[in-house]
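Open the model in your viewer and keep the selection tool at hand. The tour below says what to select next and what is there.

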Amino acid sequence: MTLDHTRPLFVRLLLLAFLVLVPPVALLAYEALGEFSQGLVPEMDKKAETVGHDLAASVERAVGYGIPLNHLQGMDQFFGPVRAANPEIRYLAVTDRDGHILFLDGIGREVLEAHFAVADFDEGGGRSHKSSIGDFFDLALPLAGKAGSAGHIHVGIDKNYVRGLVNDIIIDLGVVTLVSLLVAVEILLFVVTFNVTGPMRVVAAVIDRVRRGDFSRVCGVTSDDEVGRFVHGFNAAIRLVDELFRRLSAYIDEVKSVHFDPGVVERVTDIESRVRFLFRFARDGQPAIVNEHQATDIRLPLFLFVFAEEISRSFMPMYIRDLYAPIPGLSPEMVTALPIAVFMLFIAVVSPSAALTSARLGSRRVFLMGLVPATVGFFMSALAHNVYDFIVWRSATAIGYALVTMACQGYIAQVSKQGSRAQGLGVYVGAVLTASVCGTGIGGVLAERVGYRATFSIAAVLAIVAGLLIYRLMDARQPEAETHAPRKRQFIGLLRNWRFSALILFAAIPSKMALTGFFFFLVPLTMMAQPRADLGDVARLMMLYPISVVLLSPLASRLADHTGWKAGLVAVGGLIGGAGLVLPVISGETEMIMAGIVLLGISHGLSASPQLAMIPDVCWTECRNIGQTNVLAFLRLAERVGSVVGPLLAAAFIPLYGYTGAIVALGVVVLGMSMVFALLSFAYGSGPHIEAELEE
Amino acid sequence: MSGEMWRIVAPESWTWSSLSYKLTGVASVVVVWGRAPMEGTGALEQTGKSDTGVAPRGLPPPRPIRWSLARKVSLALVAILMCTMVVAAFFAYYKFESVYSSLVQSRYSFVVFTIKKRVEDSLNLGFALRQLRQVQEILEREKLRDPQVVAVEVYGANGEILFDTDRGAIGTRVSDDLVAAIRGGANQAFGALDEDMLIVGLPLVNTLGKIEGGVVLRYPSSYIQRGLGGLLSQLSKTVLEELAVFSVLAVLGLYALFGSVGRKLGSMERTLDAVMSVGGHAVAEVGADNFEEHYAEFIAKSREAMDHIRDATDEVGRLDRLQ
């Protein structure tokens, strides 16, 4: 096992985590299903008996009027509504004293005849008689006639109905298991990198120096585990050599200053020069402490923070609707969309200054600063009275979100070497997407059980935990940051590059419009408008988006690198996303919404990485002038226009076309813009575009 | 350099965990970490000579381990397992509660629906609701059929109770919520919670579609709790059992996994200590990775630097004494 590499140890840990987490939940689900089925049977019997008694009373009344049992009319119309109102009842039947079926509704006669012919329904002594027939429980109740028993009425309960009722539990537990595994991945990855591979990487770096004779560095690891002890001994060896050298150095200085024989002094000086030539020691009297910063340092706190934000994703529009208060001049739909749009607006406005603040004050401090408004925002959102104060609290959360995410991006940019920037960005994207899967999935299920407000409180607690992690575990000393901030004129100059402008206007903005307008806003509202849909269903459906992105992103990156067809991938991604949104024109069923979500995930998975990868080629000159990071930051800022417009546009469409129609209308807009980009993409070519520089 | 040869006297048998060899001089020791050197084999190999101008000071005693890696990761994994099981059980329980209570409610809704049908049949004959004396008998019969039913009430559109299985309540008023609930729709069933009673009800509508009043059935919420009680204890037992078993499994697995890491680090640390104290070469195991090979070079370089500085110190001392 390689100690300074995360993967071998992490893979083993992950395997163990899988073995420890999945079987107990599977066992719990299995046992719970058994218990539930058994626990529901008595209640189902009571229900069948209640229904049977009522039907029997009606039939007996008719028989009491002298109508022979086999001459009763309209029994189908009599049974039909009862079965329709009680889906667990699969059939209703009336048999005569000999068990011959006189009336039956729900299933074919052949299923019951053989059993009824030989069954003794009177063995209960005039009470109800329960028996099992294939997939049904048959409850037979006697029908009293003038001359004793006239026959029986049968209520057939579907055995699978109970299983169907509790099957949702399996899906819920599946979501819990998936989320637990992803949380375990994040925590174990953090534990491994923080406690083992991170320190060992520092050791490896110091070893490299010592191998070249450089004893000027020791490792700054102080943990009290095996690694800490090892590093303690490792450092002690370097310090021992350093101390011997200091003694020798002092001795030589003493000899040089007091010895009368110049020959001795010369030879002593030679010795000193020889030692200094062979080995290097710290100039300031003791070895410097090396603390390596890694992108993974920030992954777990970022994961927890984004988890906290994503936890309200599946129910946000419904919560806003519950808090509805009229705003003059705005439709109710627009009021519902407003907090989402304002949230996006604040992120867009605050992000640039957050990035500069992070560069100036350090990521740790800005992360902690951002957590204050974010946590207050989460907590107060839970206590919001109406949409007015909710907008205020969501704005506070947005400010915090911008500060925290910019602090994380800044930290990753600072600690990642030029060659490993993409890897560092991968850490960021990985944490955000994993948190998105977990937060969306568990948030809806949680809100269904404990309510929206309690779920927001949980988000506040998660944000606090993220803050504690940063405060306790992240080094207060931060790596040096690049503080070069380009001027506004340089940014505006970027827009003169038509390829860049087209990328923003016809690819980045519609992509964000689809995300916030369709996914954040319309999907929850449309789904909750469906009969029998609950929050858990919405959450599970919404999980499909980040899952699709997670699965497709690496593939798209490789494809973009391999083929160099970046603009084409962005165009194809945009068209797929737009087409997905137009799909509900076929039908407004859940399946179409689901397909739309998956296609949006595929779209973003395909286009996100190539979109970033295009920048060095499309803005070759600008990247040289103001830096690639700043060009990318401007792209991110500009695309937020789409994030703000998306929900507002969707809300404007709802009164005109309804929920499903609004999805289609938004899809038409997105598809139209994507088509423009698809046409333009042929003019992008490949390789860097240096015209701007030549013109200059 | 004195040029004097040094030798190592090793105990008859020793392992890394009980490393104790007596130094009578400085020699080179080949130290292979990850396995104990064998007595009389080539594990100890004299490869050079050195000087003892300055007696080598060993490394400081190893720092005690307060929180081992296995313990830290066990804590994290067991905490995740515990959270997973508790959340899973919580979701399962509440799902069952929701299914169970909706089943109970649907049964009582059916009872209320039956009563509604009968009362409305009578209303359709043209009688006023308060004139339907047989309704009292219907309500009492339904209550007798199910001991869990606490009360069945029929009230007018103004909220006055007209018939009630608790005859003493006739003439009193139902809560405003129940009066408002019957206005929801002609066939719109409603549910409510009144202290420790659960209520299901339906409006009573005449042939002209006018809401004449409502019928409600009250049953104790403790009935649901009783139905769930057994399940809750069974679920808790299952969770605790599985938590115990899989926690032990997790801890054992982690101790096995991190035990090897700890052992490797421990042997590397002892090797360093031995070479720095006694001298010799550290050689990584066959198949060792880059890190371990570099570590062996680190040890060699550290020892080389120490020897060199000591030799230099000796030489300076010798020159210093030339007076």
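What share of the accessible surface of chain A belongs to carbon and sulfur atoms? The model you are looking at is a predicted one. Select chain A and show its surface: the accessible area comes to about 28,900 Å², and 61% of it belongs to carbon and sulfur atoms.

**Stop 1: chain A as a whole**

Switch to a cartoon view of chain A, which contains 21 helices and seven strands. The chain has 696 residues, and 55% of them count as buried. Now consider its contacts with a separation of 6 or more: residues 24 or more positions apart account for 76% of these.

**Stop 2: two helices side by side**

Select residues 332-361 of chain A, which form helix 9, and residues 628-681 of chain A, which form helix 20. Their axes are 9 Å apart, and the angle between the two helices is about 175°. Angles over 145 degrees count as roughly antiparallel, so helix 9 and helix 20 of chain A are roughly antiparallel to each other.

Which residues should you show as sticks where helix 9 of chain A meets helix 20 of chain A? On the helix 9 side, they include A:Met334, A:Leu338, A:Ala341, A:Leu345 and A:Pro352. On the helix 20 side, A:Leu637, A:Val644, A:Leu648, A:Ala651 and A:Pro655 are among them. Colour the residues of this contact by type, and they divide into 18 nonpolar, two polar and two charged.

**Stop 3: a serine in helix 9**

Stay on helix 9 of chain A and select A:Ser358, which is found there. Is A:Ser358 buried or exposed? Residues under 20% relative accessible area count as buried. A:Ser358 has a relative accessible area of 1%, so A:Ser358 is buried. Leaving out residues up to four places away in sequence, A:Ser358 touches A:Ser363, A:Val366, A:Met406, A:Ala407, A:Gly410 and A:Gln414.

**Stop 4: two residues of helix 11**

Next select residues 387-415 of chain A, which make up helix 11, and pick out A:Arg394 in this helix. A:Arg394 has 3% relative accessibility, so this arginine counts as buried. What does A:Arg394 touch, not counting residues up to four places away in sequence? The list is A:Glu309, A:Met316, A:Phe343, A:Phe378, A:Ser381 and A:Phe456. Measure from A:Arg394 to A:Ile340: the two are 54 residues apart along the chain, and their C-alpha atoms are separated by 8.1 Å.

A:Gln409 also lies in helix 11 of chain A. This glutamine is partly exposed, with a relative accessible area of 30%. From A:Gln409 to A:Ser363 the distance is 8.6 Å, C-alpha to C-alpha, although 46 residues separate them in sequence.

**Stop 5: a phenylalanine in a loop**

Go to the loop between helix 20 and helix 21 (691-695) of chain A, where A:Phe682 is found. Is A:Phe682 buried or exposed? The relative accessible area of A:Phe682 is 72%, and a residue over 50% counts as exposed. Add A:Gly568 to the selection: A:Phe682 and A:Gly568 are 114 residues apart in sequence, but 7.8 Å apart in space, C-alpha to C-alpha.

**Stop 6: chain B**

Hide chain A for a moment and select chain B, which has five helices and nine strands. Follow the elements from the N terminus on, and they run β-β-β-α-α-β-β-α-β-β-β-α-β-α. Chain B has 323 residues, of which 49% count as buried. About 15,200 Å² of chain B is exposed, with carbon and sulfur atoms supplying 56% of this area.

**Stop 7: the nonpolar cores**

Show both chains again. The largest nonpolar core has 262 residues, and A:Phe307, B:Phe258 and B:Phe298 touch the most other members. Helix 1 (residues 69-123) of chain B gives the most to this core, with 25 residues. Select B:Phe298 and look for its contacts beyond four places away in sequence: they are A:Ile207, A:Val210, A:Arg211, A:Phe234, A:Ala237, A:Ile238 and B:Leu272. Finally, select A:Phe500, A:Ile504, A:Ala507 and A:Tyr684, which are included in a second, separate core of 27 residues.

How values were computed
Residues are numbered from 1 along each chain as its sequence is written. Chains are lettered from A and ligands numbered from 1 in the order in which they are written. This is a predicted model: local features need pLDDT of at least 70, side-chain atom pairs count only at pLDDT 80 or more; totals for chains, interfaces and linings use all residues. Side-chain values use heavy atoms; hydrogens and water are left out. Helices (H or I, at least four residues) and strands (E, at least two) are DSSP runs, numbered from the N terminus. Buried means under 20% relative accessible area, exposed over 50%, partly exposed in between (1.4 Å probe, protein chains only). Contact means heavy atoms within 4.5 Å. Accessible areas come from the Shrake-Rupley method with a 1.4 Å probe; for residues, only the protein chains shown count as cover. Axes are lines fitted to C-alpha atoms, for helices over the stretch in contact, and angles run from 0 to 180 degrees between N-to-C directions. Angles under 35 degrees count as roughly parallel, over 145 as roughly antiparallel, 65 to 115 as roughly perpendicular and the rest as oblique. Ala, Val, Leu, Ile, Met, Phe, Trp, Tyr, Cys and Pro count as nonpolar, Asp, Glu, Lys and Arg as charged, and the others, Gly among them, as polar. A nonpolar core is a set of buried Ala, Val, Leu, Ile, Met, Phe, Trp, Tyr and Cys residues joined through side-chain atoms within 4.5 Å.
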